Amino acid sequence: YGILYRKEIRTGWLEPENRPAWWIGLVIIVIITGIKLVDLSTFPHFLKTYAAQTGRWGMHAVEGNWPRNLFQGRGFDLRGGGESPLMVPILWLVMKIAGINVFSVRFTEVIGSTVLLLIFWSWVRVSIPGIWSCLALVMFGLSPWHIAQSRMGTFFSISAAIAIGLLWSAQNAWLKERFRSSLLWWGLLGFFAGSIGWCYAPMKVLYVFFLGAIPTIVFLKGFKSKGWWAGPLVAIGVFSSLMGLQLSSVQNPSSMFRSHFGPLATDNPVWRKTVDDKVQPGVQPVPVIAHNVKRNAVHWMRKTFRERGLQSMYKASLVLSFAVAILCIVFRWNLVLGLYYLIGLLPPLIVFPLHRRTLIIWPLIYVATVLLLREINITGSALFRNKSLKKIVPVVICICLVLIMFQNMHLLLKRWSIVYDHTYFGPPRRLTAMKR
């Protein structure tokens, strides 16, 4: 009722008033970061494969052997993992201070996850009015998936930060009315889009969002606005500069944008696999592609709803967030957000539904839950005339959320989340290279 008829999302989704103070979110982020640092060097007891590779590149950098052409791409793909310029310089600095050890590798991702929370807070503080934005930050920051991933020692958290930064800058480029401030956000939009090449490979789908966001924002702002052409020109200019830097040392630039990431079926898109999940060199017929997409979707849902390492709220929230994204497009509440979410759904559907491939939409899943709770509070409280009785609804919501947070801690302590229950990061092995 609240979403469809009261249209509280439409009138309050981008409400400029009642924004909480910046320091409230910073205090929450400091507390969450402190939780991430508990036993960081000793638990889990070993580094997974991707984290070990990251540590190896950091160790080489400390020894003076930096990756060649750090900011450029390689002949088969853009730089990723421990070689990313978003990761190596920070890891080098941390290892210089704290030494070459497991703590340094994991602490580097803690830094990346903190950047993610800062950008997420900057976006959600504007997107959800009042104290509900703080609630969204708490629910996402204390989710078992985020806490566990933040301690991995990979570059996935900083990749998610770039993704949210892309949404944040696109939304502000749309909302800002002043010409100069609008140009600043257009420039940031180009910067975050240009940084995709240094992130987790499936994030390449966000190039589609960047190309689609520009005409969408221009359409929403109108061609009659002052200098409407200047903003897109700035964004494309910044983006082209970064892309030119990344492509400057590659003989065949098109090879860097290929969609297959390895010989395994789980690393190839749906148009390169048969119905039997066999990798093929050419593009498959449309019915085969449709079958593979359906198979990925079914596998994703089954895996998500059967996973005991996920908090129970996440599973329903995944479905709810999809519904909210569709409503944002149908009712034109927020076309930029709806476009971002639907494109963010593509990696687990067109490649393979590993949990880390949902990082584009990952924070928005919790935002959808907060929006629903906000609607329940507004609509539910309206059922009571007595002011004292009106407080029943928010009290019940708070009690439920406290129970959910206890469940989060229970999952972290007992099962340590899905990141460590499954070995899709590679077989569990100790980092032999770190023995040096």
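Tryptophan 23 sits in helix 3, the stretch covering residues 22–36. In this predicted model, tryptophan 23 counts as exposed because its relative accessibility is 58%, and the cut-off for that label is over 50%. Tryptophan 23 doesn't face the outside by itself: together with Val27, Ile31 and Ile35, it makes a nonpolar surface patch of about 400 Å². The numbering of the patch fits a simple rule, since an α-helix has 3.6 residues a turn, so residues three or four places apart point the same way.

Stepping back to the whole chain, the protein is built with 20 helices and 0 strands. Of its 436 residues, 55% are buried. Among contacts with a separation of 6 or more, 74% link residues that are 24 or more positions apart. The accessible surface adds up to about 19500 Å², and carbon and sulfur atoms hold 66% of that.

Helix 4 takes up residues 49–62, so to speak a run of 14 residues, and spans 20 Å from first C-alpha to last, close to the expected 20 Å. Its buried residues are Thr49, Ala51, Ala52, Thr54, Gly55, Trp57, Gly58, Met59 and Ala61. What lies over them includes helix 5 (88–98) and helix 6 (102–127). Just past the end of helix 4 comes glycine 64, with a positive phi of about 95°.

Helix 10 (residues 179–194) tells a comparable story. With 16 residues, helix 10 reaches 23 Å between its end C-alphas, close to the 22 Å expected at 1.5 Å a residue. Buried here are Ser182, Trp185, Trp186, Gly187, Leu189, Gly190, Phe192, Ala193 and Gly194. The cover over these residues includes helix 6, helix 9 (156–175), helix 11 (206–221) and helix 12 (230–247). Helix 6 thus turns up in the cover of helix 4 and in that of helix 10.

That leaves the cysteines. The structure holds 0 disulfides. Cysteine 398 is in no disulfide, and the nearest cysteine sulfur, belonging to cysteine 400, is 9.3 Å away; a disulfide would need the two sulfur atoms within 2.5 Å. As for its surroundings, cysteine 398 is partly exposed, because its relative accessible area is 47%. Cysteine 134, on the other hand, counts as buried, with a relative accessibility of 5%, where the cut-off is under 20%.

Note on methods:
Residues are numbered from 1 along each chain as its sequence is written. This is a predicted model: local features need pLDDT of at least 70, side-chain atom pairs count only at pLDDT 80 or more; totals for chains, interfaces and linings use all residues. Side-chain values use heavy atoms; hydrogens and water are left out. Helices (H or I, at least four residues) and strands (E, at least two) are DSSP runs, numbered from the N terminus. Buried means under 20% relative accessible area, exposed over 50%, partly exposed in between (1.4 Å probe, protein chains only). Contact means heavy atoms within 4.5 Å. Accessible areas come from the Shrake-Rupley method with a 1.4 Å probe; for residues, only the protein chains shown count as cover. Patches are made of residues with over 30% relative accessible area and no salt bridge: like charges are joined within 9 Å, nonpolar side chains (Val, Leu, Ile, Met, Phe, Trp, Tyr) within 5 Å. A salt bridge is a side-chain nitrogen of Lys or Arg within 4 Å of a carboxyl oxygen of Asp or Glu. The expected span of a helix is 1.5 Å times one less than its number of residues.
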